[in-house]
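Student: Could you walk me through this one? I'd like to start with the strands and then go over anything odd in the backbone.

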Amino acid sequence: MSRIQCVAFDIGETLVDETRMWSELAQRLGVTPLTLGGVLGALIATGRDHHDLWDVLGVNRPALGVDPNQGDLYPDALECVAAVRRVGLIVGIAGNQPESIEEMLAAAGLEADFVASSAAWGVSKPDPAFFARLVAEADVPAETILYVGDRLDNDVLPARAAGMRTVFVRRGPWGHIHALKDEAALADMRVDSLRELAALLSAEGV
């Protein structure tokens, strides 16, 4: 940890609880949250793209998604970001999200040195170009960046391939299912909440 200069956070199911969004989406599509969640979990477990959801459910892909709001932050999100700032590290937030996420996170009180979305950057995870852009935004060597996320395919593995250190958060549907995979051991750190990461940062003082 003594070499870390920047902690960069994924957004969905890392900082933001997407329960409300998926529930509202199920209602819009005319299926129960249980049905949508069950199909989503099956797609994750079999390694399929979650956008296959619409075909499996037999519905048209929604024209618009459901944006998160301030109340959707996980309770430990603000605490962990604040802990990173207290020890003097750069704070980055970047994930596959609409551009509106930047304004929402700022309004929710998350203070970061940079906040970006795939929509704003024009490139999505796990594309290596996304992580190259993240390194450029942080303006520090890749090996001094700790990337925190809930997915192996979109977060841990591509960030590791880009030379970053990684934290795997076991929460949300991807987090719980991906925790069963052997590749989860490739993360430099595995936690069940951001509160654990905040405690470690505070204890070590980096």
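Tutor: Before we begin, one term: helices (H or I, at least four residues) and strands (E, at least two) are DSSP runs, numbered from the N terminus. Please also keep in mind that this is a predicted model.

Student: Okay, which strands does E1 pair with, and in what sense?

Tutor: E1, which covers residues 6–9, pairs in the parallel sense with strand E2 (residues 90–95) over four bridges, and E1 also pairs in the parallel sense with strand E4 (residues 145–149), again over four bridges.

Student: What is the bridge partner of Ala8 in E2, and what stands opposite Cys6 in E4?

Tutor: In E2, the bridge partner of Ala8 is Gly92, while the residue in E4 that stands opposite Cys6 is Ile145.

Student: And the E1 side chains, which way do they point?

Tutor: Cys6 and Ala8 point one way from the strand, Val7 and Phe9 point the other way, and all of them are buried.

Student: Since Cys6 came up, how many disulfides does the structure hold?

Tutor: The structure holds zero disulfides. For Cys6, the closest cysteine sulfur is that of Cys80, and because the two sulfurs are 13 Å apart, they are too far from each other for a bond; the cut-off for a disulfide is a pair of cysteine sulfur atoms within 2.5 Å.

Student: Are those two cysteines buried or exposed?

Tutor: Cys6 is buried, with a relative accessible area of 0%, and Cys80 is likewise buried, with a relative accessible area of 0%.

Student: Switching to the backbone, what is the phi of Glu13, and where does that residue sit?

Tutor: Glu13 has a phi near 65°, which is a positive value in a residue other than glycine, and its place is in the loop between E1 and helix H1 (19–29). Glu13 is also buried, with a relative accessible area of 4%.

Student: What about Asp139, is that one buried or exposed?

Tutor: Asp139 counts as exposed, at 67% relative accessibility. Although it is not a glycine, Asp139 has a positive phi of about 60°, and its place is in the loop between H7 and E4.

Student: Last thing: which residues does the cis peptide bond join?

Tutor: The cis peptide bond joins Lys125 and Pro126, with an omega of about 10°. Pro126 is found in the loop between helix H6 (118–121) and helix H7 (128–138).

Terms used
Residues numbered from 1 in each chain as written. Predicted model: local features only at pLDDT ≥ 70, side-chain atom pairs only at ≥ 80, totals over all residues. Heavy atoms only, no water. Buried < 20%, exposed > 50% of the residue type's maximum accessible area, 1.4 Å probe, protein only. Pairing = 2+ DSSP bridges.
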